[in-house]
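Thanks for making the time this morning. I would like to walk through one structure with you, and I will go slowly enough that you can follow along on the screen.

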Amino acid sequence: MTDSTTISNTANLLKYLNLDQKGSVQAEYIWIDGSNGVRSKTKTLSKKPESIEDLPEWNFDGSSTNQAPGEDSDVYLRPVATFPDPFRGGDNLLVLAECWNADGAPNKFNYRHECAKLMEAHKDQKPWFGLEQEYTLFDEYGQPYGWPKGGFPGPQGPYYCGVGTGKVYCRDIVEAHYRACLYAGIKISGINAEVLPSQWEFQVGPCEGIEMGDHLWMSRYLLQRVAEEFGVKISFHPKPIPGDWNGSGLHTNVSTEAMRNEGGMKHIEEAIHKLAKRHKEHIAVYGDDNTLRLTGRHETGSIDNFSYGVADRGSSIRIPRSCAKEGFGYFEDRRPASNACPYQITGIMIETICGGLE
Ligand code: ADP
Ligand code: MN
Ligand code: MN
Ligand code: MN
């Protein structure tokens, strides 16, 4: 636990952000590190890139991020997607990059590479995903934000989709993040306050194929950047408070084109039968410390058993009531933890329901 957090002086910064950049563009290269976090650094470009190919490959010291040994520390950054930068504005860019080793192999934490191959192999099925990212806010002293010092707030009940003082905390951060995502072109589809006090959720999707992982990682980056300005820490831990308090998940909503059309329920059921046979393999990539969350209580299924049901929030897979009624639509995998990697989740999902790589 750190004992001080400096809140950045964004208001002072604004007058400098209005200064002329004289034609240069600032490109913020963002990558996923060796401990499930994001890192970034900035490169000045002499002119605005027309496409992703105009963005140079770059590198960083992988020994400082748990991504490479000290004696062979260069890790290469290959740009894969760009987004307008909501912090610097103008032509400035956020650049999502994949990590590659000097020997030409993908870095061991580069889960995007494998996922992109699976998505490419099955693109004719037009897989859509929608992720519900839950997270919790902590103050500078490492306490859940707004919780009484050394004590607990009243029991869960008033906080979910809460309105009013004492029921929700840090709506300013949540609103700032929402707008930053919209500016950046992230397909954020909504927000809500969650069951645990100081816990929130945002949804990203539907996104097709590899776009899901890209947009979710960028939305996590934006959330942590916004929260810096408020001196608040974001926790993606799946059970931030032990005991009778809800954990955090990354519910994964899935459909293929066949599932979305007339008669789609047959395809949804087939997918669920395939998922039942690979429960362990899925749980293995659905996030660390998920055992603490998937207890069969607090709107979760048990980590040891696969189950599914219509409108059942205590099962592994939920078929939304409206889909069951219409006979087509999508299903929700409720197992992934809030700290899971969206490339790993969507990758194994497609592998299980559509098949692996030849
Ligand atoms: P919940 O009722 O579980 O809280 P939410 O409204 O929070 O559901 O999230 C539903 C998610 O499902 C959204 O991210 C949305 O984009 C996604 N979604 C909706 N339709 C589809 C679909 N056909 N395929 C995949 N995802 C979908
Ligand atoms: Mn939700
Ligand atoms: Mn939720
Ligand atoms: Mn859900």
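Let me start with helix α4, residues 211-228, where a simple check is possible: at 1.5 Å a residue, its 18 residues should span 26 Å, and because the end C-alpha atoms are in fact 26 Å apart, the expectation and the model agree. I should say at once that this is a predicted model, and please keep that in mind throughout. Of the 18 residues in α4, 14 are buried, so the helix is largely enclosed by the rest of the structure.

Stepping back to the whole chain, the protein has 9 helices and 13 strands. Its radius of gyration is 21 Å, close to the 21 Å that the globule rule gives for 358 residues, so the protein is as compact as a globular protein of that length. The C-alpha trace spans about 60 × 55 × 40 Å along its principal axes, and 49% of the 358 residues are buried.

Now to the metals, which may interest this group. Which residues provide the protein donors of the manganese ion that is ligand 3? They are E134, E194 and E201, each through an OE atom, and they lie 2.1 to 2.2 Å from the ion. Along the sequence these donor residues follow the spacing E-x59-E-x6-E. E134 lies in strand β6 and E201 in strand β8, residues 199-208, so this pair ties together parts of the chain that are 67 residues apart in sequence. Both ends of that link are away from the surface by our criterion of under 20% relative accessible area, since E134 is buried at 10% and E201 counts as buried at 4%.

The manganese ion that is ligand 2 is coordinated by E132 and E201, again through OE atoms, at 2.2 Å. How far apart are the two manganese ions, ligand 2 and ligand 3, and which residue coordinates both? They are 3.8 Å apart, and the shared residue is E201. Here too the pair links distant parts of the chain, with E132 in strand β6 and E201 in strand β8, 69 residues apart, and both E132 and E201 are buried.

While we are in strand β8, please look at P206, which is placed in that strand and is joined to G205 by a cis peptide bond, with omega at about -5 degrees. Two other backbone positions deserve a second look. S198, in the loop between β7 (188-193) and β8, has a positive phi of about 80 degrees although it is not a glycine, and at 3% relative accessibility it counts as buried. C170, in the loop between β6 and α3, likewise has a positive phi, of about 60 degrees, without being a glycine, and C170 is buried, with a relative accessible area of 11%.

Let me turn to the aromatic residues, where the structure holds 6 aromatic pairs. In one of them, the rings of F152 and W245 have their centres 6.1 Å apart and their planes at 15 degrees, so the pair is stacked. F152 belongs to the loop between β6 (128-138) and α3 (171-184), and W245 to the loop between β9 (233-235) and β10 (250-255), so to speak two distant parts of the chain, 93 residues apart, that the pair links. Is each partner buried or exposed? F152 counts as exposed at 56% relative accessibility, whereas W245 is buried at 10%. Ring pairs also bring in W147, which forms a cluster with F152 and W245.

Two rings are met by a charge instead. The charged end of K41 sits over the ring of W58, 4.1 Å from its centre, and R225 lies over the face of F87, 4.0 Å from the ring centre.

Finally, a word on an annotation: UniProt, in an unreviewed entry, lists residues 25-104 as "domain: GS beta-grasp". In the model that span is 0% helix and 50% strand, and its end C-alpha atoms lie 29 Å apart. A81 lies in strand β4, residues 74-84, and counts as buried at 13% relative accessibility.

Key
Residues numbered from 1 in each chain as written. Chains lettered and ligands numbered in written order. Predicted model: local features only at pLDDT ≥ 70, side-chain atom pairs only at ≥ 80, totals over all residues. Heavy atoms only, no water. Phe/Tyr/Trp six-rings, centres within 6.5 Å; stacked < 30°, edge-to-face > 60°. Helix = DSSP H or I, 4+ residues; strand = E, 2+ residues; numbered from the N terminus. Buried < 20%, exposed > 50% of the residue type's maximum accessible area, 1.4 Å probe, protein only. Lys NZ or Arg CZ within 6 Å of the ring centre and 35° of its normal. Donors = N, O, S within 2.8 Å, 3.2 Å for Na, K, Ca; no water. Expected span 1.5 Å × (residues − 1). UniProt positions renumbered as here; feature names shortened; annotations may be inferred. Rg over C-alpha atoms; globule rule 2.2 N^0.38 Å.
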